[in-house]
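These are my notebook entries on what I looked up in this structure, kept in the order in which I went through it. The model is a predicted one, and I read every value with that in mind.

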Amino acid sequence: MSQKFDVVVIGAGPGGYVAAIKAAQLGLTTACIEKYTDKEGKLALGGTCLNVGCIPSKALLDSSWKFHEAQDGFAIHGINHAGVTMDVAAMVGRKANIVKGLTSGVATLFKANGVTSLQGHGKLLAGKKVELTKPDGSVEVIEAEHVILASGSRPIDIPPAPVDNNVIVDSTGALEFQAVPKRLGVIGAGVIGLELGSVWSRLGAQVTVLEALDTFLMAADTAVSKEALKTLTKQGLDIKLGARVTGSKVNGEEVVVTYTDANGEQTITFDKLIVAVGRRPVTTDLLAADSGVTIDERGFIFVDDQCATSVPGVYAIGDVVRGMMLAHKASEEGIMVAERIKGHKAQMNYDLIPSVIYTHPEIAWVGKTEQALKAEGVEVNVGTFPFAASGRAMAANDTGGFVKVIADAKTDRVLGVHVIGPGAAELVQQGAIGMEFGTSAEDIGMMVFSHPTLSEALHEAALAVNGQAIHIANRKKR
Ligand code: FAD
Ligand code: AMP
């Protein structure tokens, strides 16, 4: 007799594992299928995020920042020490331990919540049946009342720079370097390229980022992207905009990359090259020809606003569907879908998904940019507060960047919070909470903020929207 569940989830990334836990919490019998195994050949839950994405990249970003600080940032505090060295293998090993802890944590959560964990490849058949191909090659067909497709994404390959997992790597390979490359190339100045470029630059690599577009960080507010370009360049990242990679040739342990820019064709040689040109949805062998689920023109599974596919009872969430490729977006979609399956009303606010780039300073935003609002013809008031004027930032010797609050000129409702600076990711979340409840800039300005905190910069930026900042001269007078 085949197994039968209320809910079968395919993929145990932050979309799938959260959906499975939520469904089980709601009293639905739930199974989650995952095929990914770690280097020891063991099933590893958590998807891209825990295994080769958010968490390992942040582990390396934190380690490399500490090294950078130990080298260049301690003397100003009066801490004098010489001969700081970096043990790359130990750094990468620490990262692996964190990954192991978290992925096994998901297995524990599955047990605690009664989610049945199934190892193997899942494929949706017609009639909400799921074919499970187990690691030993045997096949089982599982019946489901509801199916959630959460197969995620994988790095995009580009023909001019095929990944060989030695000299040319993707983001996964860039988390595993065993030594600091002397000359490191990065194709793509997106979030992943900038984060991984920063890691190895802080450890001593000479990093060149080749970006085809002329505009840097197009999705960010222009004031933020300008500041980011200035700061990252000062840190040593050579960011070449308008540089489209057209070819590469690996010669032993180095690669000669060809790119075109405004001056024509150029070549540059690297010891390692990271291809970070984006990610594509994973739908390979996921859907039987007669499953009925449709794919949109960009290769994503087609879903409505609440993640229902074209087949009743089948949902899709996370990186495999439209929208931002972010772990927190995937997880919230997972919760929304589980609630919906249970029959509850559920929706998520796609307008308030925060974005974060974990460079130093961090870059984060929620809501709309000033340029987007202006293009829509919305009149806005803007308040900005630089961390250079923040006592807490000064105490920490971390004064780069600013908080920018954008409010509707007519209603004062906050429409965007943009931060580049220390603690940006956490500060933007405060903006997101306020915006979810329809806060005005005045509301934030009237709240009491602890002193001294970085959060005071948000307070002051909100005050500055209406010309009421205390700790900087107001551009706009009341
Ligand atoms: P995934 O995490 O990709 O999980 C999908 C899972 O499904 C995988 O484990 C896969 O093995 C499995 N699977 C696929 N097909 C099948 C099948 N047929 N049968 C069985 N199993 C299957 N996002 C952030 O929000 N913050 C960050 O800081 C951040 N940093 C990142 C850094 C890097 C280097 C990378 C690469 C990504 C980063 N991301 C970050 C993006 C984030 O990892 C993804 O948005 C997130 O993992 C998507 O979740 P998901 O559940 O949709 O898919
Ligand atoms: P993201 O999608 O945010 O990960 O960013 C990927 C970046 O890679 C985008 O800004 C693209 O413009 C850039 N990109 C894509 N193909 C190339 C290429 N051949 N050469 C240089 N940059 C590229």
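**Ligand 2.** I began by listing the surroundings of ligand 2 and found 14 residues around it, the closest being Gly188, Glu211, Ala212, Ala243 and Val245. Sorted by character, this shell divides into nine nonpolar, three polar and two charged residues. I then looked up the polar contacts, beginning with the side chain of Glu211, which has an N or O atom 2.6 Å from an oxygen atom of ligand 2. Two further entries concern the backbone: an N or O atom of Ala212 lies 3.0 Å from a nitrogen atom of the ligand, and a backbone N or O atom of Val245 lies 2.9 Å from a nitrogen atom of ligand 2. As for cover, ligand 2 on its own has 510 Å² of accessible area, and the protein covers 72% of this.

**Ligand 1.** I next turned to ligand 1, which is surrounded by 38 residues, with Glu34, Thr48, Lys58, Gly122 and Ala327 as the closest. Which atom of ligand 1 does the side chain of His121 approach? I noted a nitrogen atom of the ligand, which lies 3.4 Å from a polar side-chain atom of His121. On the backbone side, Met325 places an N or O atom 3.4 Å from an oxygen atom of ligand 1, while for Leu326 the distance from a backbone N or O atom to a ligand oxygen is 3.2 Å. Of the 1000 Å² of accessible area that ligand 1 has on its own, the protein covers 94%.

**Domains.** I then took up the domain assignment, which gives domain 1 as 4-155 + 280-350, domain 2 as 168-277 and domain 3 as 361-465. Taken over C-alpha atoms, the centres of domain 2 and domain 3 are 30 Å apart. The contact between these two domains takes 12 residues from domain 2 and 12 residues from domain 3.

**Cysteines.** Last, I asked how many disulfides the model holds. With a cut-off of 2.5 Å between cysteine sulfur atoms, the count comes to zero. Why is Cys32 without a partner? The closest cysteine sulfur, that of Cys49, is 14 Å from the sulfur of Cys32, and this is too far for a bond. Cys54 is in no disulfide either, because its nearest cysteine sulfur, again that of Cys49, is 3.1 Å away, beyond the 2.5 Å limit. I also checked whether these residues are buried or exposed: Cys32 is buried, at a relative accessible area of 1%, whereas Cys54 counts as partly exposed, at 28%.

Terms used
Residues are numbered from 1 along each chain as its sequence is written. Chains are lettered from A and ligands numbered from 1 in the order in which they are written. This is a predicted model: local features need pLDDT of at least 70, side-chain atom pairs count only at pLDDT 80 or more; totals for chains, interfaces and linings use all residues. Side-chain values use heavy atoms; hydrogens and water are left out. Buried means under 20% relative accessible area, exposed over 50%, partly exposed in between (1.4 Å probe, protein chains only). A residue is near a molecule or strand if one of its heavy atoms lies within 4 Å of it. A polar contact is a pair of N or O atoms within 3.5 Å; within protein, one must be able to donate a hydrogen and the other to accept it, and residues adjacent in sequence count only if both atoms are side-chain atoms. Accessible areas come from the Shrake-Rupley method with a 1.4 Å probe; for residues, only the protein chains shown count as cover. Ala, Val, Leu, Ile, Met, Phe, Trp, Tyr, Cys and Pro count as nonpolar, Asp, Glu, Lys and Arg as charged, and the others, Gly among them, as polar. Domain bounds come from an automatic or database domain assignment. Contact means heavy atoms within 4.5 Å.
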